[in-house]
Amino acid sequence: MTAALTSGGAMRAVEPSHHLSDDMLLDYAAGSLDEATSLIVATHLTYCPSCRKRAAELDALGGTLLRDVAPVSLSKGSLESVLARLDQPAEPAPVRAALPANDNPLVPAVLRRYLGGDLDAVTWKNLGMGVQTSEIAMNVEGKRAFLLRVPAGKAVPHHTHDGNEFVLILRGAYNDEIGRFARGDLAISDGSIKHKPVAEPGEDCICLVVVDAPIRLTGPIGAILNLFVKV
């Protein structure tokens with residue numbers, strides 16, 4: 001959420017404009033998302049009352065459907081299979097959102113657990129042109145989660161994507177060919193998207209990013225930079 005002034009001068013929260021799809025909420029409710037994607041969904045849910053409401057409705061619907069499923073007989077060897085799995089390494093527990101609406105600092109609790117604190121605990125790596133990143137440790141093959149910091153008024157070079165990219169705004173805002181994205185908004189991009197996000201003046205734009213492939217800078221200069229810069 002961003003903040004805005006009411007007619008009386010008090011601050012009020014402004015709900016995000018870019019939301020999760022029902023498919024993503026269903027996958028999250030079912031626990032079928034990987035750890036990195038679950039983290040960005042859970043963080044968005046902390047900011048967004050509309051998506052929290054839809055997630056709760058889908059949870060309730062899933063419980064009703066499960067209750068109405070007719071029981072079936074277990075196949076031969078099912079018990080032995082379950083017992084054998086107990087000796088296997090445990091998979092990471094699904095990331096769940098802190099649903100209470102009052103847990104809405106700059107960095108929600110579900111993300112602070114990964115960062116070890118708020119943004120002042122983050123160690124940044126310079127990519128050039130003022131842009132910085134900070135990796136988030138994840139036990140997920142083929143995906144990265146990291147923080148991205150773009151200085152106020154500066155741009156990320158024009159690029160496209162060799163896979164899927166999820167960007168959640170934690171602070172500030174940016175504008176690109178798709179629209180405006182502010183605190184709590186979730187931007188989802190793939191290879192069909194070519195854009196140049198520009199941070200708004202006045203405040204650095206800090207985002208939580210999850211990707212399953214590197215971004216690819218476009219244009220003549222981008223083609224050269226791709227040899228040296230990997231995001």
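Strands β3 and β4 form a hairpin with two residues between them, and M129 in the turn has a positive phi of about 60°. Strands and helices here are DSSP runs numbered from the N terminus, with at least two residues (E) for a strand and at least four (H or I) for a helix. The model is a predicted one, in which local features need pLDDT of at least 70 and side-chain atom pairs count only at pLDDT 80 or more, while totals for chains, interfaces and linings use all residues. Residues are numbered from 1 along each chain as its sequence is written, and side-chain values use heavy atoms, with hydrogens and water left out.

The hairpin is a handy place to begin. Three bridges join β3 to β4 in the antiparallel sense; two strands are said to pair if DSSP finds at least two bridges between them. Within this pair, G128 stands opposite V131 of β4. M129 lies in the loop between the two strands, β3 and β4, and is not a glycine despite its positive phi. Most residues other than glycine have a negative phi. With a relative accessibility of 58%, M129 counts as exposed; the cut-offs are under 20% relative accessible area for buried and over 50% for exposed, with partly exposed in between (1.4 Å probe, protein chains only).

The hairpin belongs to an open sheet of six strands, ordered β3-β4-β5-β12-β7-β10 and paired in the antiparallel sense. Its edges are β3 (125–128) and β10 (186–189), each of which pairs on one side only. On average, neighbouring strands of the sheet are turned by 25° against each other, direction ignored. Angles run from 0 to 180 degrees between N-to-C directions, and axes are lines fitted to C-alpha atoms, for helices over the stretch in contact. Helix α2 (residues 35–47) packs on this sheet, where it touches β5, β7 (165–171), β10 and β12 (205–211), and its direction makes about 40° with that of β7. Contact here means heavy atoms within 4.5 Å.

Moving across the sheet, β4 (residues 131–136) and β5 (residues 144–150) run antiparallel and are joined by five bridges. One of the matched pairs is S134 with L147 in β5. Strand β5 is also joined to β12 by seven antiparallel bridges, and A145 stands opposite V210 in β12. On the β7 side, β12 pairs with β7 in the antiparallel sense over six bridges, and V210 in β12 is the bridge partner of F166. Strand β12 is mostly covered, as seven of its seven residues are buried. C205, C207, V209 and V211 point one way from β12, while I206, L208 and V210 point the other way. In a regular strand the side chains alternate between the two faces of the sheet.

What does the nonpolar interior look like? The largest nonpolar core has 35 residues, and L147 and L208 have the most contacts inside it. Such a core is a set of buried Ala, Val, Leu, Ile, Met, Phe, Trp, Tyr and Cys residues joined through side-chain atoms within 4.5 Å. At least two residues of this core come from each of α1 (22–30), α2, α3 (49–68), α5 (109–115), β5, β7 and β12. Helix α2 supplies the largest share, seven residues. Beyond its neighbours within four places in sequence, L147 is in contact with several residues, among them L115, W124, I136, L170 and L208. A second, separate core of 15 residues includes V150, F181, A187 and C205.

The helices have their own packing. The axes of α1 and α2 come within 11 Å and cross at roughly 110°, which makes α1 roughly perpendicular to α2 (65 to 115 degrees; under 35 is roughly parallel, over 145 roughly antiparallel and the rest oblique). M24, L25 and Y28 of α1 meet T37, S38, V41, A42 and L45 of α2. In helix α3, C51 counts as buried, at 0% relative accessibility. Setting aside neighbours within four places in sequence, C51 is in contact with H19, L20, L25, H44 and L45. C51 and L20 are 31 residues apart in sequence and 6.8 Å apart in space, C-alpha to C-alpha.

Over the protein chain there are six helices and 13 strands, and buried residues make up 40% of the 231 residues. Of the contacts with a separation of 6 or more, 65% are between residues 24 or more positions apart.
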